[in-house]
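Trainee: Please take a close look at a single residue in this structure, and say what lies around it. Then go on from there to other places, in plain terms.

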Amino acid sequence: MSEKTPRLRGALEGIPTYKPGRPAASGTAAYKLSSNENPYPPLPGVLETMTAASAAANRYPDMACTALLAELADRFDVPVEHVATGTGSVGVAQQLLQCTAGPGDEVIYAWRSFEAYPIITQISGATPVQVPLTEGEEHDLDAMADAVTDRTRLIFVCNPNNPTGAAIRRDALERFLDRVPGDVLVVLDEAYREFVRDEHVPDGISLYRDRPNVCVLRTFSKAYGLAGLRVGFAVAHEPVAAALRKTAVPFGVSQIAQDAAVASLRSEEALLERVESLVAERARVSRELVAQGWTVPESQANFVWLRLGERTGDFAAACEKAGAMIRPFAGEGVRVTVGESEANDIFLRTAAAFRKNEL
């Protein structure tokens, strides 16, 4: 037997492992506030749609996602040729890298931001260029623009930013876009767009319309409550959208996911009610944390961020002991999803006790 092993790409060496939020322990009353999931089940009528679609699970799905693309094009008033789907917005993000970047190319993003960015960048063989956040936990757009070189192929802008929740306002974002060369693709990752309440934070689709190098990412995983179905989409001008269709995994978005997404788009009123409920809880959680003495960035997403440095692990352990699983980033801080009011109360009581013990 040969002692040789298959040759694997060197680009895979040193790639960080994506760390999903830890689930609540089985058989306990713990709550999972670690993955930015929607605590509500699928919207009214969606579960029935999923059940009906499952009856044809022996058949391949519509590879072109025809009905979903048409619904999205109508919903956002864009040409259907400008829409492409994928397995969650992170799946579409990986397709974008396949379209644009390879060995020798550079990909810019803020840090800390969505932890998949360095993973999918390195998988593509490109070089990640991480630009530190400002002291206020926001994108340093001037520094990101300064980091652009002739090797830059793609820039991720997570707005609102995961995990800090901070959002970029229109004037600053437009100034940044004006500085980026037209041959560099700027990806506005708007996974949490539905939770934005700051009227000065732009809808990325309004920016894409007259900027051919802007692509907008959205997902059905957060506000729509379909995280388990893995369906996301991009809105981009035709050359980019066409490239996304070329790099898509064949039949990657199941028919159940497609039909559920269409049904969810048609349940706009129920969606808005649920989102408003979570936004109200976000405001309550943030107010209480500030009252306790914490520094809390203004979140426009469905989570809050606490920078704890070396205390991060201890705080996460305290929350877990109390019955709330949160997402720690070792040595940096914790991201806590806004969940059910009972879960939020557990987190707030733990935060109060933790701070009291520190004083």
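Mentor: Q122 is in helix α4, residues 116-123. Helices (H or I, at least four residues) and strands (E, at least two) are DSSP runs, numbered from the N terminus. The model is predicted, so local features need pLDDT of at least 70 and side-chain atom pairs count only at pLDDT 80 or more, while totals for chains, interfaces and linings use all residues. Residues are numbered from 1 along each chain as its sequence is written, and side-chain values use heavy atoms, with hydrogens and water left out.

Q122 has a relative accessible area of 17%, so this residue counts as buried. The cut-offs are under 20% for buried, over 50% for exposed, and partly exposed in between, with a 1.4 Å probe and protein chains only. Apart from residues up to four places away in sequence, Q122 touches A11, E13, G14, I15, P16 and P128. Contact here means heavy atoms within 4.5 Å.

The loop between β5 (152-158) and α6 (170-179) holds N161. N161 is buried, because its relative accessibility is 0%. A polar contact of 3.1 Å joins the side chains of N161 and T164. The term stands for a pair of N or O atoms within 3.5 Å; within protein, one must be able to donate a hydrogen and the other to accept it, and residues adjacent in sequence count only if both atoms are side-chain atoms. Beyond its neighbours within four places in sequence, N161 is in contact with R112, S113, L133, H139, A166 and F303.

Two prolines of this loop deserve a look. P160 lies between β5 and α6, and a cis peptide bond with omega of about 0° joins N159 to P160. P163 lies in the loop between β5 and α6 too, and the peptide bond between N162 and P163 is cis, with omega of about 25°.

Most peptide bonds are trans, and most residues other than glycine have a negative phi. N36, a residue other than glycine, has a positive phi near 55°. N36 is in the loop between β1 (31-32) and α1 (46-54), and is buried because its relative accessible area is 0%. D77 also has a positive phi near 55°. This residue is in the loop between α2 (66-76) and β2 (83-86), and it is exposed, with a relative accessible area of 60%.

N36 appears again among the residues that K222 touches, along with S35, N38, A191, Y192 and F195, not counting residues up to four places away in sequence. K222 is in the loop between β7 (214-219) and β8 (232-235). At 15% relative accessibility, K222 counts as buried. An unreviewed UniProt entry places the feature "modified residue: N6-(pyridoxal phosphate)lysine" at K222. UniProt positions follow the numbering used here, feature names are shortened, and annotations may be inferred rather than shown by experiment.

Helix α11 (residues 312-322) has T312, F315, A316 and C319 buried. They cover an arc of only 100° around the axis, so they are on the same side of α11. The arc is that of the directions from the helix axis to the C-beta atoms. On the other side of α11, D314 and K321 are exposed. Elements covering the buried residues of α11 include β9 (303-307), β10, β11 (327-329), β12 (333-337) and α12 (341-358). G323, just after α11, takes a positive phi of about 110°.

A324 lies in strand β10, residues 324-325, and is buried, at 0% relative accessibility. Outside its neighbours within four places in sequence, A324 is in contact with Y31, L33, C319 and I346.

Cysteines come last. A disulfide is a pair of cysteine sulfur atoms within 2.5 Å. By this rule the count is zero. The closest cysteine sulfur to that of C99 belongs to C215 and is 9.0 Å away, which is too far for a bond. C99 is partly exposed, at 29% relative accessible area, whereas C215 is buried, at 0%.
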